[in-house]
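Student: I would like to go through this protein with you and learn on what grounds each label is given. Could we look at it together before we begin?

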Amino acid sequence: MTFQQRYAIDSTHWGGAKANAPILAFLGEESSLDSDLSAVGFLRDNGPRFKALLVYIEHRYYGKTMPFGSAEEALKNASTLGYLNAAQALADYATILLHVKEKYSTKH
């Protein structure tokens with residue numbers, strides 16, 4: 001089973017794949033991506049200096065990133081809550097970052 005995971009990309013200052021410019025990622029905390037974006041100073045402050053592509057990823061089970069379709073369904077029992085763990089969240093982040101690397105043709 002798959003679900004939609006929300007993420008945002010800021011390429012305003014990105015130096016590009018040919019320049020080997022880095023990707024800086026914010027791995028969402030236990031809140032909506034909407035509130036995270038306004039509070040993440042490190043990426044916003046350092047992204048331009050490193051000419052980085054900035055990626056903000058919402059944590060599963062928070063905000064609009066709801067496995068099983070809805071918060072009610074996702075939070076209803078131990079079986080569905082079993083997917084709310086660090087290992088699953090890290091796998092989500094890795095999948096999205098691999099997708100972003102492919103989309104922007106980056107090697108590193």
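Tutor: What follows is a conversation about the labels used for this structure and the values behind them.

Tutor: This is a predicted model, in which local features need pLDDT of at least 70 and side-chain atom pairs count only at pLDDT 80 or more, whereas totals for chains, interfaces and linings use all residues. Residues are numbered from 1 along each chain as its sequence is written, and side-chain values use heavy atoms, with hydrogens and water left out.

Student: How many helices and strands are there in the protein, and what makes a stretch count as one or the other?

Tutor: The protein has five helices and three strands, and along the sequence they follow the pattern β-β-α-α-β-α-α-α. A stretch is named so because it is a DSSP run, of H or I over at least four residues for a helix and of E over at least two for a strand, with numbering from the N terminus.

Student: What is the order of the strands in the open sheet, and how do you know which strands pair?

Tutor: The order is β1-β3-β2, with mixed pairing. Two strands are said to pair if DSSP finds at least two bridges between them. β1 and β3 (residues 53-57) have four bridges in the antiparallel sense, while β2 and β3 have five bridges in the parallel sense, so both pairs satisfy the requirement of at least two. In general, strands of a sheet pair through backbone hydrogen bonds, either parallel or antiparallel.

Student: Which are the edge strands?

Tutor: They are β1 (7-10) and β2 (23-27), each of which pairs on one side only. Neighbouring strands of this sheet are turned by 15 degrees against each other on average, direction ignored; the axes behind such angles are lines fitted to C-alpha atoms, for helices over the stretch in contact, and angles run from 0 to 180 degrees between N-to-C directions.

Student: What packs on the sheet?

Tutor: Helix α5 (residues 86-103) packs there, touching β1, β2 and β3, and its direction makes about 150 degrees with that of β3. Contact here means heavy atoms within 4.5 Å.

Student: Which residues stand opposite one another along β3?

Tutor: On the β1 side, Y7 stands opposite I57 and A8 has Y56 as its bridge partner. On the β2 side, I23 stands opposite L53, and F26 stands opposite Y56.

Student: Why is Y56 called buried?

Tutor: Buried means under 20% relative accessible area, exposed means over 50%, and partly exposed lies in between, with a 1.4 Å probe and protein chains only. Y56, which is found in strand β3, has 7% relative accessibility and therefore counts as buried.

Student: What makes β3 as a whole mostly covered?

Tutor: Five of its five residues are buried, with L53, V55 and I57 on one side and L54 and Y56 on the other.

Student: Which side chains of β2 are buried, and which are not?

Tutor: L24 and F26 point to one face of β2 and are buried, while I23, A25 and L27 point to the other and are not. In a regular strand the side chains alternate between the two faces of the sheet.

Student: Why is N20 called exposed?

Tutor: N20 lies in the loop between β1 and β2, and at 52% relative accessibility N20 counts as exposed, because the label applies over 50%. Its phi is near 55 degrees, a positive value in a residue other than glycine.

Student: Where is K51 found, and is K51 buried or exposed?

Tutor: K51 is found in the loop between α2 and β3, and at 51% relative accessibility K51 counts as exposed. The phi of K51 is also near 55 degrees, a positive value in a residue other than glycine. In helix α2 (residues 41-50), which K51 follows, the buried residues are G41, L43, N46 and G47.

Student: What share of the residues of the protein counts as buried?

Tutor: Of its 108 residues, 34% count as buried. Residues 24 or more positions apart account for 69% of the contacts in the protein with a separation of 6 or more, and the C-alpha trace spans about 50 × 25 × 20 Å along its principal axes.
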